[in-house]
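Let us take a walk through this model together. Keep the sequence and the 3D view side by side as you read.

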Amino acid sequence: MRIGIWCDYGCTLAPHDGIGVFVDNLVRGMLAADPTCRIVLKAHPGETEPLLAVEHASGGRVRSEEHTSELQS
């Protein structure tokens with residue numbers, strides 16, 4: 001399974017505050033439930049740092065990246 005999660009709501013959702021806690025737990029739960037799961041977290045430009053903890057804990061199965069306004073193919 002591959003999934004992308006939008007984490008930019010004017011700033012990148014932080015894993016220790018509000019809905020960011022839910023997103024962090026959701027990502028960790030999906031990784032635990034499915035060993036084939038790959039996740040991309042789309043961050044606010046210049047703000048990938050809040051997502052690095054889950055990315056590092058994922059063993060390469062989570063990637064955080066800044067979103068762009070251009071569609072990518």
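**From the sheet to the cavity**

Strand S2 is a good place to begin: five of its six residues are buried, so the strand is mostly covered. Keep in mind as we go that this is a predicted model.

Now widen the view to the strands around S2. The sheet is open and built from three strands, in the order S1-S2-S3, with parallel pairing. Strand S1 (2–6) and strand S3 (62–66) are the edge strands; each has a single partner, so one side of each has no neighbour in the sheet. From one strand to the next, the twist averages 20°. As a reminder, backbone hydrogen bonds are what pair the strands of a sheet, in either a parallel or an antiparallel way.

You can follow one of these pairings residue by residue. S1 and S2 are joined in the parallel sense over five bridges. Look for Ile3, which stands opposite Ile39 in S2. Then find Gly4, whose bridge partner in S2 is Val40. When you look at side chains here, it helps to recall that in a regular strand they alternate between the two faces of the sheet.

Next, bring in the helix. H1 lies across S1, S2 and S3, and its direction makes an angle of about 175° with that of S1. Helix H1 covers residues 19–33, and it also takes us to our next stop, since four of its residues line the largest cavity.

How many cavities of 30 Å³ or more does the model have? The count is one, and the space inside the largest cavity is about 70 Å³. Its lining includes Gly20, Val23, Asp24 and Val27, and among the other lining residues are Cys7, Leu13, Ala14 and Pro15. Leu41, Leu51 and Val54 also belong to the lining. By character, nine of the lining residues are nonpolar, one is polar and one is charged. The largest share of this lining comes from H1, with its four residues.

Let us finish with a residue in a loop. Gly46 sits between strand S2 (38–43) and helix H2 (52–57). Is Gly46 buried or exposed? Its relative accessibility is 62%, and because a value over 50% counts as exposed, Gly46 is exposed. To place Gly46 relative to the cavity, use Asp24, one of the lining residues. Gly46 and Asp24 are 22 residues apart in sequence, and their C-alpha atoms are 19 Å apart in space.

Definitions and conventions:
Residues numbered from 1 in each chain as written. Predicted model: local features only at pLDDT ≥ 70, side-chain atom pairs only at ≥ 80, totals over all residues. Heavy atoms only, no water. 1 Å grid on protein atoms, 1.4 Å probe; cavity = no way out; pocket = protein on both sides within 12 Å on 5 of 7 lines; lining within 4 Å. Points joined across faces, edges and corners; volume = space filled by probe spheres on them. Helix = DSSP H or I, 4+ residues; strand = E, 2+ residues; numbered from the N terminus. Nonpolar A, V, L, I, M, F, W, Y, C, P; charged D, E, K, R; others polar. Buried < 20%, exposed > 50% of the residue type's maximum accessible area, 1.4 Å probe, protein only. Pairing = 2+ DSSP bridges. Axes fitted to C-alpha atoms, helices over the stretch in contact; angles between N-to-C directions. Contact = heavy atoms within 4.5 Å.
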